[in-house]
Amino acid sequence: MLKGARERRVRTGGVELCVAELGETGRPTVVLVHGYPDSKEVWSEVATRLADRFHVVLYDVRGHGRSSAPQPLRGGFTLEKLTDDFLAVIDAVSPDRPVHVVGHDWGSVQSWEFVTVQRTEGRIASFTSMSGPSLDHFGHWINSRLRKPTPRRVGQLLGQGAKSWYVYALHTPVLPELAWRGPLGKRWPAVLRRFEKVTGDGYPTTSLPQDAAHGAWLYRDNVRARLRRPRPDVYAHAPVQLITPLEDAFLSQRLYDDLDTWVPRLTRRTLPAKHWIPRTRPDQLASWITEFVTATEGGRTEVAATGKYAERFGGQLVLVTGAGSGIGRATAFAFAEAGARVVAVDRDAEAATRTAELSRLVGAPEAWAETVDVSDEQAMEKLADKVAAEYGVVDVLVNNAGIGLGGSFFDTTPEDWKKVLDVNLWGVIHGCRLFGKQMAERGQGGHIVNTASAAAYQPSKALPAYSTSKAAVLMLSECLRAELAGQGIGVSAICPGFVNTNITSTARFAGVDAEEEKRRQKKSARLYGLRNYPPEKVADAVLKAVVRNQAVVPVTPEARGAHLMSRFTPRALRAIARLEPPL
């Protein structure tokens, strides 16, 4: 039983269903329907995240978990009988208000039935589908490609046919039951860990072998009949949110190409993940479900972010350091406009809070402010633990926090060196080590962006400490990119040139008194202001780098020019480095 859940039994059609409830009953009801070969426990991580906002209901489908199985099994798992079960559950838990349905895998397959049959009309407020198509829509998809075959359409049929190998296996008599009750049932948790990176924590339950054996009849009772003769009138009578894992080993994205024909109110989302997203990406699913349900309850039909790259970053968790101003704030806003959830980190608590507030205004479904000094290893460790526990594993990490320091090598004291390296290099190392490790352990990929600088490859007699720190960040990024590529984690180094941010007014100058330092800060700020290259363009380059998985990204024209010179005319770049800076 789920921790903290209230349990009841619902009798219907000769079976007894085990139903669990979380959250207050007066709130909108969200019903989570599990797939094959799962039980309701597949939803535990999502359910606990939703329970603060909604009345959450989970039930074991007939023949699974703690629900009884029909007798005989043959003919006991038809979509019509599954719909009877669903209606019995929602009549018990929410008799007076329509419910919001969420389905995964076969839970989604049967929920498509719920949302397209006349007898449930008015009882379903919205439907969120993931990793499970309507069998009727699937049948029409196949027929349309057989009627008008083209090389592309034939390729789509063959591709999905190869992905559906397990469907054919489950139609064979006796063998699936023997496999699940024998070696496959014992090894299934290890299979999920190895190929899907699914962790345990009470899932799968000990009833798995029996659940999987019973659930084979879901396929036998429904698949061939519906694919051969799909219902002609299968229009959804409620808004639908479609969440498509891009790395699903069992279902092609092309299956949903024609879905707009059947769903007048459709919101599409994509997720760079594998099939079992209720276990591997519960934080993101909970965010999207919350947003969709809240919007539907408020009478809105458009809920997905519409900004640039919204399809790529919508709902993802993005953490940006140095987010209180400049490039960091602009980057946080750019991800927010794309519908990402944003964690704005800065050592200035007020600035971080302001960035989080504005991120919500420009499109982030959720945004939080965290205060930390990135050079403090223990503080960063606490931040990483807090973010993972409260918000989830970060999908995109932007190590942007940095400080500037000018002055000759001999004027730069060991204390100056330590301060610059602690923030500009060690801050990046801490971020990559802590949040990158969480990404790797999750096993679902991700991306790390490290803000370097054109100074990383453009030497200057006036910036020895700053340039050294940024060159180290550039090489660190290249090394990490090589190491993490096999785990689906991209790493990009962003190298801006002169960008109009407040780093110029806060940069320090070694070897000068306070008055001279203030004069140089004002002059450099004025020069950068005249250059007037906005941080928003750097932020756009950051998002583009993640989308394209770029390694090194010079941003400004002078940064791109210096990068080319470093490769083809390094002697000329060294000569320029000897010039006196205009300060």
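**Cysteines.** I looked up Cys432 in this predicted model and found it buried, because its relative accessibility is 9% and the cut-off for buried is under 20%. I then searched the whole structure for disulfides and got zero. Cys432 is accordingly in none; its nearest cysteine sulfur belongs to Cys479, 11 Å away. I checked the pair from the other side: the closest cysteine sulfur to that of Cys479 is in Cys432, and 11 Å is too far for a bond, since a disulfide needs the sulfur atoms within 2.5 Å. Cys479 itself counts as partly exposed, at 45% relative accessibility.

**Whole chain.** I noted 23 helices and 17 strands. The radius of gyration is 28 Å, and the globule rule gives 25 Å for 583 residues, so I entered the chain as being as compact as a globular protein of that length. Along the principal axes, the C-alpha atoms fill a box of roughly 90 × 55 × 45 Å. Of the 583 residues, 56% are buried.

**Annotated span.** I took one domain from the UniProt record, an unreviewed entry: "Ketoreductase", covering residues 316-497. In the model I find this span to be 49% helix and 19% strand, with its end C-alpha atoms 29 Å apart.

**Salt bridges.** I list 31 of them in the structure. I opened three pairs and one network.

Arg226 and Asp136 meet at 2.9 Å, N to O. Arg226 sits in helix H9 (residues 208-228) and Asp136 in helix H4 (residues 135-147), so I have a link across 90 residues of chain. Both residues are buried.

Lys386 pairs with Glu370, with 3.1 Å between the closest N and O atoms. This pair joins helix H16 (residues 377-390) to strand S11 (residues 367-371), 16 residues apart. I recorded Lys386 as partly exposed, at 33% relative accessible area, and Glu370 as buried, at 7%.

Glu377 pairs with Arg433, the closest N and O atoms being 3.3 Å apart. Glu377 is in helix H16 and Arg433 in helix H17 (residues 414-442), so parts 56 residues apart in sequence are tied together. I have Glu377 as partly exposed at 40% and Arg433 as partly exposed at 38%.

The network I opened links Glu7, Arg9, Arg11, Glu16 and Arg66 through salt bridges.

**Surface patch.** I looked up a nonpolar patch of about 310 Å², made by Val174, Leu175 and Leu178. Val174 is in the loop between helix H6 (165-170) and helix H7 (175-181). I logged Val174 as exposed, because its relative accessible area is 52% and the cut-off for exposed is over 50%.

Key
Residues are numbered from 1 along each chain as its sequence is written. This is a predicted model: local features need pLDDT of at least 70, side-chain atom pairs count only at pLDDT 80 or more; totals for chains, interfaces and linings use all residues. Side-chain values use heavy atoms; hydrogens and water are left out. UniProt positions are given in the numbering used here, feature names are shortened, and annotations may be inferred rather than shown by experiment. Helices (H or I, at least four residues) and strands (E, at least two) are DSSP runs, numbered from the N terminus. Patches are made of residues with over 30% relative accessible area and no salt bridge: like charges are joined within 9 Å, nonpolar side chains (Val, Leu, Ile, Met, Phe, Trp, Tyr) within 5 Å. Accessible areas come from the Shrake-Rupley method with a 1.4 Å probe; for residues, only the protein chains shown count as cover. A salt bridge is a side-chain nitrogen of Lys or Arg within 4 Å of a carboxyl oxygen of Asp or Glu. Buried means under 20% relative accessible area, exposed over 50%, partly exposed in between (1.4 Å probe, protein chains only). The radius of gyration is taken over C-alpha atoms; the globule rule is 2.2 Å times the number of residues to the power 0.38.
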